[in-house]
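Subject: Structure handover

Hi,

Here is the structure I promised to pass along. Have a look at it first, and then read on for my notes.

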Amino acid sequence: MLDRIGDKWTVMVVGVLAKGPTRFNAIQRAINGISHRMLTLTLRALERDGMLERRAFATIPPKVEYELTPLGRSLIDPLDTLMAWAQTNRPTIETAQSGYDDRSKDAG
């Protein structure tokens, strides 16, 4: 379960859907770099886990929307907290990574 919640695509999809029901192409446009296949796999996994609902409308052309369920919505606050932590600590992490990389070059 932590793999799903911590997956970068899951975080981004939940972020997009936090704004309300959204169609597939709108989700894909909002998430830079996600492929059609990866978005499909992520949406299916979130639906399977009960975090989103897929609604198909009998129109021509067919219309499909995705919306977070109450369970999926319960992820918004924890993910916001995680994002804030990452933004706050990014400079410290980057400094640590650079130091580690420098030490690794010298040792190798």
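T10 is a good place to begin: this residue sits in helix α2. In this predicted model, T10 is buried, with a relative accessible area of 2%. That value is under the 20% cut-off for buried, so T10 falls in that class. Which residues does T10 touch, once those up to four places away in sequence are set aside? They are R4, I5, T42 and L46.

Helix α2 comes up again in the nonpolar core. The largest such core has 21 residues, and α2, with six residues, gives the largest share of it. At least two core residues each come from α2 (8-17), α3 (24-30), α4 (36-48), β3 (63-68) and α6 (76-107). If you want to find the residues with the most contacts inside this core, select V13, L17, I27, I31, L39, L43 and Y66. I27 makes a handy centre for your view: leaving out residues up to four places away in sequence, I27 touches V13, V16, L17, T22, L39, L43 and Y66.

Now for the chain as a whole. The protein chain has six helices and three strands, and reading along the sequence gives the pattern α-α-β-α-α-β-β-α-α. Its radius of gyration is 18 Å, whereas the globule rule gives 13 Å for 108 residues; the chain is well over that value and therefore more spread out than a compact globule. For setting up a box, you may like the spans of the C-alpha trace along its principal axes, which are about 65 × 25 × 20 Å.

Some totals for your records:

- Of the 108 residues in the protein chain, 29% are buried.
- The accessible surface of the protein chain is about 7700 Å², and carbon and sulfur atoms account for 55% of that surface.
- Taking contacts between residues at least 6 apart in sequence, 46% link residues at least 24 apart.
- There are 15 positive and 13 negative side chains, and the centres of these two sets are 8 Å apart.

Two alanines are worth a look as well. Is A45 buried or exposed? A45, in helix α4, has a relative accessible area of 15%. The cut-off for buried is under 20%, so A45 is buried. Between the C-alpha atoms of A45 and N25 there are 18 Å, with the two residues 20 apart along the chain.

A56 belongs to strand β2. This residue is exposed, with a relative accessible area of 56%, and the cut-off for exposed is over 50%. Apart from neighbours within four places in sequence, A56 is in contact with K63 and V64. From A56 to Y66 the C-alpha distance is 8.9 Å, and the two are ten residues apart in sequence. Y66 is also one of the core residues with the most contacts, as listed above.

One last item, about the backbone. Where does P61 lie? P61 is in the loop between β2 (52-57) and β3. The peptide bond that joins I60 and P61 is cis, with omega at about -5 degrees.

That is what I have for now. Happy to talk any of this through whenever suits you.

Best wishes

Definitions and conventions
Residues numbered from 1 in each chain as written. Predicted model: local features only at pLDDT ≥ 70, side-chain atom pairs only at ≥ 80, totals over all residues. Heavy atoms only, no water. Core = buried A, V, L, I, M, F, W, Y, C linked by side-chain atoms within 4.5 Å. Buried < 20%, exposed > 50% of the residue type's maximum accessible area, 1.4 Å probe, protein only. Helix = DSSP H or I, 4+ residues; strand = E, 2+ residues; numbered from the N terminus. Contact = heavy atoms within 4.5 Å. Rg over C-alpha atoms; globule rule 2.2 N^0.38 Å. Areas by Shrake-Rupley, 256 points an atom, 1.4 Å probe, with all protein chains shown as cover. Lys, Arg positive; Asp, Glu negative; His and termini not counted. Charge placed at Lys NZ, Arg CZ, Asp CG, Glu CD.
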